[in-house]
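Colleague: Got a minute to look at something with me? I'd like to go through chain B and then glance at its partner.

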Amino acid sequence: MTGVPTQPTGSTVRKTNSGAGRALVAVYGIFALAATARASVQLLTKFEQAPLAYLLSALAALIYIVATITLARGTRASRRLALVAIIIELVGVIVVGTLSVVEPQAFPRATVWSVYGIGYGFVPLVLPILGLAWLWHTRSVNS
Amino acid sequence: MIDALAYVLVALAGVAVIWGLVTAAANKPPGKAQLLFAAGVEIVTVVQSIIAAVKLAAGFRPVELATTIGYLIGIVILIPIAWLWANVERNRFSGVVLAVAALGVLAMTLRLLVLWTPAV
């Protein structure tokens, strides 16, 4: 995937919304949009079919929205919120991903995190790792 | 949806993805032609959503109506937002941002092609 924050972006002050961070925010934004749309449709039209899966969809959507906004703001306070959101995201994709493989009947309908985000090219699994790497990469200047 | 138009859009979006990655690899911000091309992809995207909306209004009912409508609306806002976001700070990552949005348009168009199946 694109936007891998593997190299320093120069000697300028590094904020989470600068350099490679802009690409990361773009990917988070797409997932915020996709997850929100998916969760809205699920909750509004067929909530009773799989309440747990659909509530998790909504949680995923909320996490992506928070991560997008906090990374895009790039202030000291927003970094902390971003860290919390991305850790929840990582735990969520691992737990839901594992449960959906081990206990598929608990997730009769797909969520963005099912099977580690297989429906989205496993980007949901890679994204929180990139997010944490990016927060680490930009830490000295901004935190 | 018109299949041929959808495939044209997939191809155009694919070019935009590659173009964005190429300028990023060359460590250049997106050029004027590239930005105009992205605008062109957006125009085709809007045309596609309008055509689909007209067909829905005319009575076509896909299996997952709500999801389809969500995709048709969501797909048109990707490139405009990415365009603004890419132009605030112009460098190699502006191209990556455009590539990400174009990849989103590409993926959503492919998904729409699958969704565009009449409900029985």
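Colleague: How many residues does helix α1 of chain B have, and how far does it reach from its first C-alpha to its last?

Modeller: Bear in mind that this is a predicted model. Helix α1 of chain B covers residues 3–25, which is 23 residues, and reaches 33 Å, close to the 33 Å expected at 1.5 Å a residue.

Colleague: And what happens just after α1(B)?

Modeller: Asn27(B) sits there with a positive phi of about 60°.

Colleague: Which residues of α1(B) are buried?

Modeller: Leu9(B), Leu12(B), Ala13(B), Ala16(B), Val17(B), Trp19(B), Gly20(B), Thr23(B) and Ala24(B).

Colleague: That spacing catches my eye. Any general point behind it?

Modeller: An α-helix has 3.6 residues a turn, so residues three or four places apart point the same way.

Colleague: OK, what do the buried residues of α1(B) pack against?

Modeller: They pack against α2 (32–57) and α4 of chain B.

Colleague: Let's zoom out. How many helices and strands are there in chain B?

Modeller: Four helices and zero strands, so the order from the N terminus is simply α-α-α-α.Colleague: At what angle do α3 and α4 of chain B pack?

Modeller: Helix α3 (residues 65–88) and helix α4 (residues 92–115) of chain B pack at about 170°, with their axes 9 Å apart. That angle makes α3(B) roughly antiparallel to α4(B).

Colleague: Which residues meet in that pair?

Modeller: From α3(B), the list includes Tyr71(B), Ile75(B), Leu78(B) and Trp85(B). Over in α4(B), Val97(B), Val105(B), Met108(B) and Arg111(B) are among them. The residues of this contact divide into 15 nonpolar, six polar and one charged.

Colleague: Overall shape, then. What radius of gyration does chain B have, and what would a compact globule have?

Modeller: Chain B has 15 Å, which agrees with the value near 14 Å for a compact globule with 120 residues. Along the principal axes, its C-alpha atoms fill a box of roughly 50 × 25 × 20 Å.

Colleague: What share of the chain B residues count as buried?

Modeller: 40% of the 120 residues. As for contacts in chain B with a separation of 6 or more, 82% of them come from residues 24 or more positions apart.

Colleague: Last topic: how many residues of chain A are in contact with chain B?

Modeller: 15 residues of chain A, in contact with 17 residues of chain B. The side of chain A that touches chain B divides into eight nonpolar, six polar and one charged.

Definitions and conventions: Residues numbered from 1 in each chain as written. Chains lettered and ligands numbered in written order. Predicted model: local features only at pLDDT ≥ 70, side-chain atom pairs only at ≥ 80, totals over all residues. Axes fitted to C-alpha atoms, helices over the stretch in contact; angles between N-to-C directions. Helix = DSSP H or I, 4+ residues; strand = E, 2+ residues; numbered from the N terminus. Parallel < 35°, antiparallel > 145°, perpendicular 65-115°, else oblique. Contact = placed C-beta atoms within 7 Å. Nonpolar A, V, L, I, M, F, W, Y, C, P; charged D, E, K, R; others polar. Expected span 1.5 Å × (residues − 1). Buried ≥ 20, exposed ≤ 12 C-beta atoms within 10 Å, placed from the backbone. Rg over C-alpha atoms; globule rule 2.2 N^0.38 Å.
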